[in-house]
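User: I want to go through the labels on this model one by one. For each, give me the value, the cut-off and the verdict.

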Amino acid sequence: MITTELVFVRHGQAQCNADGLVGGPRTCTGLTNLGYAQAEQAARRLATEHLKKPFDVIYTGPRIRLVQTGEIIAQTLQIPVHHDDRLDGPVHGDADGQPWEAVKTVADGGPHAHPDTPWANGSDTWNGFLERASRNLSQLIEENHGKRVVFAAHGETVITAHTLLLGIPIGSPSGFTHNHASITRWQHHRNRLGQTRWMLDRHNDTEHLSLLTPEPTP
């Protein structure tokens, strides 16, 4: 028996993604036209499920690309959307708005390369972000026990969910891919003996995007 279901939809392509910029709160200007189309396709796919087994609520973080993605899904499914700062992405500090290529060159790699070191002045560390994001996601899961929940999320939130629910140690060198507007699903199962566990039903599912123009490879 599935008691709780968590569906993570990574936001559609944002302008900062297309431009190769670090998309902190000062820089995020929202989705590109392709990003809108990606979010709409994800929403249509979820709508098919929603007719059979309704979702209860959508959560989205504060950055514009998440808000726009969440609102597209909420309007399609006709269910409430909650804006929650606990779903915010990493703090980028002085890297906000800078080209990722330049930031990675100065930091000798991306956030994961040196997980206990900030990648810019005033930024998170990668492990510090995961610890904070795991606490926040745990709270949201507890608050929504027994529901079907959609998260319009950063890719980092998908990684957080896997780290938390798979019990991966903070600081693990392994990672996960996460395409724009991809769907990732976690289900909380309880068997007839009352035993429970989280099970990953799918990760980075992009079947609904097959008819759209592919994004260029970085």
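User: What makes the span of helix α5 close to the expected one?
Analyst: This is a predicted model, so the values are computed from it. Helix α5, residues 126-143, has 18 residues. The expected span is 1.5 Å times one less than the number of residues. That gives 26 Å, and the helix reaches 26 Å from its first C-alpha to its last.

User: Which residues of α5 are buried, and what covers them?
Analyst: Among the buried ones are Trp 126, Phe 129, Leu 130, Ala 133, Leu 137 and Ile 141. The cover includes β1, β2, β4, α6 and β6.

User: Why is Thr 27 called buried?
Analyst: Its relative accessible area is 16%. Buried means under 20%, so Thr 27 qualifies. Thr 27 sits in the loop between α1 and α2. It touches Cys 16, Leu 21, Val 22, Asp 96 and Gly 97, leaving aside residues up to four places away in sequence.

User: How do you know that Thr 27 has a polar contact with Gly 97?
Analyst: A polar atom of the Thr 27 side chain lies 3.0 Å from the backbone nitrogen of Gly 97. The cut-off is within 3.5 Å.

User: Why is Arg 26 called exposed and Asp 96 buried?
Analyst: Arg 26 has a relative accessible area of 62%, and exposed means over 50%. Asp 96 has 7%, which is under 20% and therefore buried.

User: What makes Arg 26 and Asp 96 a salt bridge?
Analyst: Their closest N and O atoms are 4.0 Å apart. The rule asks for within 4 Å, and the pair is counted as a salt bridge. Arg 26 is in the loop between α1 and α2, Asp 96 in the loop between β3 and α4, 70 residues apart.

User: Why does the salt bridge of Arg 45 and Asp 205 tie together distant parts of the sequence?
Analyst: The closest N and O atoms are 2.7 Å apart. Arg 45 lies in helix α2 and Asp 205 in strand β6, so the bridge ties together parts 160 residues apart in sequence.

User: Are these two partners buried or exposed?
Analyst: Buried means under 20%. Arg 45 is at 19% and counts as buried. Asp 205 is at 14%, also buried.

User: Why is Arg 202 called partly exposed?
Analyst: Its relative accessibility is 28%. Partly exposed lies between the 20% and 50% cut-offs, so the label fits. The side chains of Arg 202 and Asp 205 meet in a salt bridge at 2.9 Å, N to O. Salt bridges that share partners join Arg 202, Asp 205 and Arg 45 into one network with others, including Glu 5 and Glu 49.

Terms used. Residues are numbered from 1 along each chain as its sequence is written. This is a predicted model: local features need pLDDT of at least 70, side-chain atom pairs count only at pLDDT 80 or more; totals for chains, interfaces and linings use all residues. Side-chain values use heavy atoms; hydrogens and water are left out. Helices (H or I, at least four residues) and strands (E, at least two) are DSSP runs, numbered from the N terminus. Buried means under 20% relative accessible area, exposed over 50%, partly exposed in between (1.4 Å probe, protein chains only). A polar contact is a pair of N or O atoms within 3.5 Å; within protein, one must be able to donate a hydrogen and the other to accept it, and residues adjacent in sequence count only if both atoms are side-chain atoms. Contact means heavy atoms within 4.5 Å.
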